[in-house]
Amino acid sequence: YCFRVTNAGTELDFYAEVAELAPRFIPVFGAVSLNGGQDISLTPGTTTQVYATGTVTDINGYADLATLMLAHGAKLSKDAGQLQRVLHTQAGKGNTAMVRFLIGQKVSARFQHAGSSPLDRAALVGDSEMAAVLLTGGAEVNGVNAEGQSALMVACGFGQLGYVQALLEAGAKVSLRANNGKTCLHYAATR
């Protein structure tokens, strides 16, 4: 990965195009090296090129840790509601790896917690991969939250194009109306 360096929005590098990585979690880096481990000589009044290289060893190790714990005999809670609340929370954080792990452990994504489903909670983040994982795990594509909003309405309201496309491909209905009478088109047009 190559990171663009900025200072309050002002680019500090001279590259015309640099791929950007925007992780949802704080990544864990392996060893970082400056100039490949070579000595760096600084000369007053001149510009010295310094480059840092490193490896992202784990963007989200929690699912890996959970898998490792299970492999060593740890047991998941038998409380399905507790596991569903964890899935709900992780969906809202955009933690696809943990949601995939929980669904792999037979935790259903077809439920509501605090008035919302994991699918509409994840719409705030807008990760289309998360939508696919949740739908595979049993989430209802046309389910509604306490306000009568579908995940499609939530995603439209937050401008989450990729998530909207994933939901439409999964059969989300554009004609549903929330409790306030609005459709997904209303949400998309008023944000």
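Two exercises with worked solutions follow, both on a predicted model. Local features need pLDDT of at least 70 and side-chain atom pairs count only at pLDDT 80 or more, while totals for chains, interfaces and linings use all residues. Residues are numbered from 1 along each chain as its sequence is written, and side-chain values use heavy atoms, with hydrogens and water left out.

**Exercise 1.** State how many helices and strands the protein chain has, and in what order they run.

Solution. Begin with the terms: helices (H or I, at least four residues) and strands (E, at least two) are DSSP runs, numbered from the N terminus. Counting them gives eight helices and six strands in the protein chain. Reading from the N terminus, the order is β-β-β-β-β-β-α-α-α-α-α-α-α-α.

**Exercise 2.** Find which residues of the largest nonpolar core touch the most other members, and which helix gives the most to this core.

Solution. A nonpolar core is a set of buried (under 20% relative accessible area, 1.4 Å probe, protein chains only) Ala, Val, Leu, Ile, Met, Phe, Trp, Tyr and Cys residues joined through side-chain atoms within 4.5 Å. Of the 34 residues in the largest such core, Leu 87, Val 99, Leu 119, Leu 134, Tyr 163 and Leu 167 touch the most other members. Several helices supply at least two residues each, among them H2 (80–93), H3 (96–104) and H7 (161–169), and H6 gives the most, with six residues. Finally, take Leu 87: leaving aside neighbours within four places in sequence, its contacts (heavy atoms within 4.5 Å) include Val 99, Leu 102, Phe 111 and Leu 134.

Terms used:
Buried means under 20% relative accessible area, exposed over 50%, partly exposed in between (1.4 Å probe, protein chains only).
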